[in-house]
Amino acid sequence: MPRGVVFDFNGTLARPGAWRSHREVFARHGLAELAAAWGESWDHSPADGECHEDASRTERTYRRWELSRWRTHAVRCGVPESRADALVADLDRETKAMTMQRYADALPTLTELRRRGFRTAVCSNWHWDLDAALRESGLDGQFTVAVTSARAGMRKPDPRIYRATLGACGLVPEKALFVGDMWGPDVAGPRAIGMPAALLWRAAERAGQTLPPRASAVWRIGGLDEVVPLARELL
């Protein structure tokens, strides 16, 4: 029976590099006083577990849905209706221009997993073009499949997105380890459908955060270099 490892993307395989903050974009549009009420892009992302299948029918319908949501939020923050479209288009453009940099332990881990016969996949709450982000971070070509919530129509921890990922890889839950840095989307969600899970806790990035309690069939790892021996042991 085939074995595999499914990874989260942001915060697991790669992290944000350079980007222009939304505060700067508001200032560029002469709306600096509203920036605090708006926040940053992640403040207005769809919620974990949110379903948007109708919006995800095509890239066009999804893009329209994204911009419509942001426009609604912008107006609620006090942005004049007449200026909302231009501001939101600029905010969206800057968000999608954010560079992603892979962690140093990502590529060696993926290479070794594949060398040992494991199937590898990405399952991420991400924009439409996850493939572009993987390519930008130098991780393209490393996965059997890369599933993004934008195209799937639902976000982790909705169980259907994990099942879709496993189905595309020809894997069953008990033979696939999920690795990610967030408890709900990357641990609780996979465990609910029978996948073992590894919570990635990079101590240098988690200063001041409380480590979640231990749970059945959940392992804690401090880096991706621990994935290969763990997968070999569990699967």
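Here are some questions and answers about the strands and pockets of this predicted model.

Q: What makes residues 197-200 a strand with both faces covered?
A: Strand E7 has Ala197 and Leu199 on one side and Ala198 and Leu200 on the other, and all of them are buried. Buried means under 20% relative accessible area, so each side of E7 is covered.

Q: How do you know that E6 and E7 pair?
A: Two strands pair if there are at least two bridges between them. Strand E6, residues 176-180, has three bridges to E7, in the parallel sense, so the two strands count as paired. For a place to look, find Phe178, which stands opposite Ala197 in E7.

Q: Why is the crossover between E6 and E7 called right-handed?
A: The chain goes from E6 through helix H9 (residues 183-192) to E7, a β-α-β crossover. Imagine the strands pointing away from you: the path from the first strand over the helix to the second runs clockwise, and therefore the crossover is right-handed.

Q: What makes E7 and E8 a pair?
A: Strand E8 covers residues 218-221, and E7 pairs with E8 in the parallel sense over four bridges. Pairing needs at least two bridges, so this condition is met. In E8, Ile221 is the bridge partner of Leu200.

Now to the pockets.

Q: How do you know that a residue such as Trp42 lines the largest pocket?
A: A lining residue has an atom within 4 Å of a point of the pocket. The largest pocket, with a volume of about 990 Å³, has 41 such residues, and Trp42 is among the closest to its centre, along with Asn10, Ser45, Asn125 and Trp126.

Q: Which helix gives the largest share of the lining of the largest pocket?
A: Helix H3 does, with five residues. Strand E2 (14-16), helix H4 (81-96) and H9 each supply at least two residues as well.

Q: What makes 17 residues of this lining charged?
A: Asp, Glu, Lys and Arg count as charged, so the 17 are residues of these kinds. The rest of the lining of the largest pocket is 13 nonpolar and eleven polar residues.

Q: What lines the second largest pocket?
A: This pocket has a volume of about 250 Å³. Its lining has 13 residues, and the closest to its centre are Lys96, Trp126, His127, Asp129 and Ala132. Helix H6 (130-136) brings the largest share, three residues. By class, the lining has six nonpolar, two polar and five charged residues.

Terms used
Residues are numbered from 1 along each chain as its sequence is written. This is a predicted model: local features need pLDDT of at least 70, side-chain atom pairs count only at pLDDT 80 or more; totals for chains, interfaces and linings use all residues. Side-chain values use heavy atoms; hydrogens and water are left out. Buried means under 20% relative accessible area, exposed over 50%, partly exposed in between (1.4 Å probe, protein chains only). On a 1 Å grid over the protein atoms alone, a cavity is a set of points where a 1.4 Å probe fits but cannot get out, and a pocket is an open set with protein on both sides within 12 Å along at least five of seven lines; lining residues have an atom within 4 Å of a point. Grid points are joined across faces, edges and corners, and a volume is the space filled by probe spheres set on the points.
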